[in-house]
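I opened a fresh page for this one. My plan is to look things up one at a time and jot down what I find.

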Protein chains: 2
Amino acid sequence: MKNREEVRTLFKTKKVPLTHQRLAVYEELSGRRDHPSAEALYESLRKAYPSLSLATVYKTLQTLHEMGMVARVDSPAAQARYDAIVETHHHAVCTACGRIEDLFDPRLDALPEPKAAGFVISGHSVHFHGLCAKCAKAPSTRTIKEK
Amino acid sequence: MKNREEVRTLFKTKKVPLTHQRLAVYEELSGRRDHPSAEALYESLRKAYPSLSLATVYKTLQTLHEMGMVARVDSPAAQARYDAIVETHHHAVCTACGRIEDLFDPRLDALPEPKAAGFVISGHSVHFHGLCAKCAKAPSTRTIKEK
DNA sequence: TCCTGTTTGATAGTTATTATCCACTGATAA
DNA sequence: TTATCAGTGGATAATAACTATCAAACAGGA
Ligand SMILES: [Mn+2]
Ligand SMILES: [Mn+2]
Ligand SMILES: [Zn+2]
Ligand SMILES: [Zn+2]
């Protein structure tokens with residue numbers, strides 16, 4: 001959530017070229033609190049930038065994400081993963097290899113009820129992320145994704 | 001995590017036909033603790049059931065999910081959603097319309113460190129799910145998904 | 001065993017995302 | 001200011017995960 005000057009400085013510091021498109025995507029996203037999709041951003045932006053391409057929005061979001069300027073709300077996992085344990089429990093997800101380990105901890109089951117006006121909460125899930133034992137040990141042999 | 005007899009009874013109770021494929025998918029998933037994808041289950045199952053189709057695995061997982069017998073580990077969201085707020089915060093996700101609201105609550109930022117052997121945790125996120133104010137009010141006009 | 005609504009398997013279609021490719025541009029140096 | 005050029009953007013093809021379609025086979029009750 002940075003203003004235009006902070007953005008310019010950050011790009012300069014990180015030696016990443018700051019283009020009109022990158023600034024536009026970041027400022028549009030900054031102005032919204034509805035956690036838009038790439039497509040939704042594209043639809044808003046194309047009015048002011050008719051030549052903008054959807055692929056550019058995707059590439060820009062990825063760049064901004066790598067720079068630590070935007071976050072992805074849901075897990076970046078492309079594939080759904082299933083579990084025969086339907087009882088309440090939580091997960092540790094390895095960002096390098098995709099391994100998912102179970103966490104059974106009653107302290108995570110009872111979290112403070114959030115105060116989101118009018119929202120009727122039916123449950124919650126906690127995702128810890130980091131490196132699994134194997135990937136933490138491995139120097140750089142990143143698999144990125146396992147089936 | 002039910003045995004064969006419990007599964008038979010549950011299908012009978014819910015009046016859902018129990019096929020060989022449904023039993024096979026459920027038992028394969030029950031026997032694994034690696035949170036497999038549909039494709040991974042299919043790869044394991046096709047050895048014993050060479051005529052099994054991947055589409056059937058998808059349909060079966062959906063059926064089992066609706067019956068409350070399997071859980072999806074990650075959000076079923078098809079589209080990635082982005083956020084310019086990279087500071088630690090959490091989210092309430094409406095299961096009816098896809099709306100995502102921010103939750104700022106320091107009590108959710110400091111959760112008990114989970115004891116997953118060897119796992120190097122770098123962060124966590126909490127997803128509450130339920131119905132947003134609008135959808136909780138609306139009788140049944142479910143939008144299912146908004147862009 | 002027979003009957004009928006459901007499910008399966010094969011496959012085509014869809015959707016979100018990524019890769020490719022080349023003209024163009026932002027950042028630096030002259 | 002202009003020249004240079006690595007990196008970027010736009011157009012579009014390709015990919016990956018999933019979903020729809022539909023005829024044939026099946027499950028479960030009569
Ligand atoms: Mn689990
Ligand atoms: Mn947020
Ligand atoms: Zn790992
Ligand atoms: Zn809603």
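My notes below go from the ground rules to the protein contact, then to the DNA strands and a few local details.

**Ground rules**

I am working with a predicted model, where local features need pLDDT of at least 70, side-chain atom pairs count only at pLDDT 80 or more, and totals for chains, interfaces and linings use all residues. Residues are numbered from 1 along each chain as its sequence is written, chains are lettered from A and ligands numbered from 1 in the order in which they are written, and side-chain values use heavy atoms, with hydrogens and water left out.

**Chain A against chain B**

I started with the contact between the two chains, where contact means heavy atoms within 4.5 Å. Chain A puts in 68 residues and chain B puts in 68 residues.

How much area is buried between chain A and chain B? I get about 6200 Å², with carbon and sulfur atoms giving 59% of that. Buried area here is the accessible area (1.4 Å probe) that two parts lose on being put together, summed over both. On the chain A side, His35(A), Tyr82(A) and Phe119(A) supply 14% of the area that the chain buries against chain B, more than any other three residues.

Next I looked for charge pairs. Side chains of opposite charge can pair when their charged atoms come close. The rule for a salt bridge is a side-chain nitrogen of Lys or Arg within 4 Å of a carboxyl oxygen of Asp or Glu. I count six salt bridges between chain A and chain B. One of them joins Asp105(A) to Lys115(B), with the closest N and O atoms 3.5 Å apart.

Then I turned to polar contacts, meaning a pair of N or O atoms within 3.5 Å; within protein, one must be able to donate a hydrogen and the other to accept it, and residues adjacent in sequence count only if both atoms are side-chain atoms. Across this interface I find 36 residue pairs in polar contact, both residues at pLDDT 80 or more.

Which element gives the largest share of the side of chain A that touches chain B? It is strand E5 (residues 120-131) of chain A, with 12 residues. Helices (H or I, at least four residues) and strands (E, at least two) are DSSP runs, numbered from the N terminus. That side of chain A divides into 38 nonpolar, 16 polar and 14 charged residues. For that sorting, Ala, Val, Leu, Ile, Met, Phe, Trp, Tyr, Cys and Pro count as nonpolar, Asp, Glu, Lys and Arg as charged, and the others, Gly among them, as polar.

I followed E5(A) across to the other chain. E5(A) pairs with strand E5 (residues 120-131) of chain B in the antiparallel sense, over 11 bridges. Two strands pair if DSSP finds at least two bridges between them. Ser125(A) stands opposite His127(B) in E5(B).

**DNA strand C**

For the DNA, I call a residue near if one of its heavy atoms lies within 4 Å of the strand. DNA strand C has 22 residues around it, and Tyr58(A), Thr19(B), Gln21(B), Thr56(B) and Ala80(B) come nearest. Of the strand C atoms within 4 Å of the protein, 76% belong to sugar or phosphate and the rest to bases.

I noted two phosphate spots. A polar side-chain atom of His20(A) lies 3.2 Å from a phosphate oxygen of strand C, and a polar backbone atom of Ser53(B) is 3.3 Å from a phosphate oxygen of strand C. H4(A) gives the largest share of the surface near strand C, four residues.

**DNA strand D**

Here I find 23 residues around the strand, the closest being Thr19(A), Gln21(A), Thr56(A), Ala80(A) and Leu18(B). Sugar and phosphate account for 81% of the strand D atoms that come within 4 Å of the protein.

Thr19(A) has a polar side-chain atom 2.5 Å from a phosphate oxygen of strand D. Arg22(A) has a side-chain N or O atom 3.1 Å from a phosphate oxygen of strand D. For a base, I wrote down Lys59(A), with a polar side-chain atom 3.1 Å from a base oxygen of strand D. H4(B) gives the most to the surface near strand D, with four residues.

**Local details in chain A**

Over all chains I find 18 salt bridges. Arg8(A) and Glu5(A) meet in a salt bridge (3.7 Å, N to O). Both lie in helix H1 (residues 4-14) of chain A, three residues apart, about one turn of the helix.

Last, I checked a hairpin. Strand E3 (residues 90-94) and strand E4 (residues 100-103) of chain A pair in the antiparallel sense over four bridges. His91(A) has Asp102(A) as its bridge partner in E4(A). Five residues sit between the strands of this hairpin, where Gly98(A) takes a positive phi near 90°.
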